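Visitor: I would like a close look at a single part of this model, beginning with what surrounds it and then following its residues outward.

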Amino acid sequence: MKFTLQHADPQTKARAGKLETDHGTILTPIFMPVGTAGSVKAVHQHELLDPIHAQIILGNTYHLYLRPGLDILEKAGGLHRFMGWDRPILTDSGGYQVFSLSGTRKIKEEGVMFKSHIDGSKHHFTPENVMDIQRTIGADIIMAFDECTPYPCEYGYARKSMEMTHRWLKRCMNRFDETEGKYGYSQTLFPIVQGSVYKDLRVQSAQFIADQGREGNAIGGLSVGEPAEMMYEMTEVVTDILPKDKPRYLMGVGTPANILECIALGVDMFDCVMPTRNARNGMLFTSEGIINIRNEKWKDDFSPIDPAIGSSVSSFYSKAYLRHLTISKEILAAQIASIHNLSFYLWLVGEAREHILAGDFASWKTEMVKKVSTRL
């Protein structure tokens, strides 16, 4: 993997870059649609290419490990071939999912014992076997196994958890470096900064992660319920320390406004289930603001969903028609809304990149944050 920093905004910490992988080039800042179990919900792979223009998608180690299972993925030749996607894929380590199973898992130094949410069967994740699992899944970018602390979280627990995450990272790197990918292309490992919302822990963790010298770095443990201002503060603390010549990935973030604010703080990569999850519930993100398509005000609005973003789906269907489908519980409603929301997210980060390159990102961002936060 190769990262080239192409331009830095003069008034903020925003950056435009180019990330090259064996499955293609990613222009940053970028948003990654979440394809948890090898599928971005309600969206075909050809729609991810056009009209969404996704450059990289995310898969989930925990879910893919449980179903379809590693034997199927290996027989298929890896996740790319299994799902018919020839662009880059990032897999998270499964840590967030395992730790969200708080009632059915036990964390020890060796790793985590947990019960499957599908059938209650017992499984064991360690830093080593999570590297092996992600090698088998075959993502271009794989994540270190970490503990994602909840919010709120006591300082003592956050410190112990961070220290264990660092020890686990060493084990992840050792295993990763002594193994090779299975499908003839290269993979890279991103460590994850932890430390909850404690500045001294975030500083300590960011310095430790920076010292490992990997090809990219991630920021975890945010967007877990803490106030947005706290998320921004911790993100800035970390981006000020992580190396400027490596991509920075903020995990699980967020709203359009969150993404714009964090681009301004020096983040390059984002993922979140929000555009697809909210789409299925009738919430649309648009270039003019947020629409609850169930509201009666859209009943006879025959204008396109959002012609400004250049997506064929967003220009073709009217708000009135999408409201009718949503109220009628038609499956097509979830499809249209999901494609639209993802098209909007990719349009938004693409616009951010253009304004970084043009040198007027700061003023554009201020205006856009107001727009995308407005409820229409």
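Visitor: How do the residues of the lining of the second largest pocket divide into nonpolar, polar and charged?

Guide: This is a predicted model, in which local features need pLDDT of at least 70 and side-chain atom pairs count only at pLDDT 80 or more, while totals for chains, interfaces and linings use all residues. Residues are numbered from 1 along each chain as its sequence is written, and side-chain values use heavy atoms, with hydrogens and water left out.

The lining of the second largest pocket divides into four nonpolar, three polar and six charged residues (Ala, Val, Leu, Ile, Met, Phe, Trp, Tyr, Cys and Pro count as nonpolar, Asp, Glu, Lys and Arg as charged, and the others, Gly among them, as polar). Of these 13 lining residues, Lys13, Arg15, Lys244, Arg248 and Gly266 lie nearest the pocket's centre, and the volume is about 170 Å³. A pocket here is an open set of points on a 1 Å grid over the protein atoms alone, with protein on both sides within 12 Å along at least five of seven lines, and its lining residues have an atom within 4 Å of a point; its volume is the space filled by probe spheres set on the points, which are joined across faces, edges and corners.

Two of those central residues lead to neighbouring elements. Arg248 belongs to strand E14 (residues 248-250), which runs parallel to strand E15 (residues 269-271) and is joined to it by two bridges; strands are DSSP runs of E with at least two residues and helices are runs of H or I with at least four, both numbered from the N terminus. At the other end of E14, Leu250 stands opposite Phe270 in E15. Both strands belong to an open sheet of five, in the order E4-E15-E14-E13-E12, with parallel pairing (two strands pair if DSSP finds at least two bridges between them). Its edges are strand E4 (30-32) and strand E12 (192-193), each of which pairs on one side only.

Gly266, in turn, comes just after helix H10 and takes a positive phi of about 100°. Helix H10 (residues 256-264) is mostly covered, with eight of its nine residues buried, that is, under 20% relative accessible area with a 1.4 Å probe and protein chains only. Among the buried residues of H10 are Pro256, Leu260 and Ala264, together with the polar Asn258.

Strand E15 also leads to the largest pocket, since Asp271 is one of the residues nearest that pocket's centre, alongside Tyr96, Gln97, Gly252 and Val273, in a lining of 34 residues. About 780 Å³ of space lies in this largest pocket. The elements that give two or more residues to its lining are strand E5 (57-60), helix H5 (95-100) and helix H11 (274-280), and H11 gives the most, with five residues. By class, the lining of the largest pocket has twelve nonpolar, 16 polar and six charged residues.

Enclosed space can be set beside these open sites. A search of the whole structure finds one cavity of 30 Å³ or more, a cavity being a set of grid points where a 1.4 Å probe fits but cannot get out. About 40 Å³ of space lies in it, and its lining, which includes Met1, Asp22, Asp140 and Thr188, divides into two nonpolar, four polar and two charged residues.

Terms used:
Buried means under 20% relative accessible area, exposed over 50%, partly exposed in between (1.4 Å probe, protein chains only).
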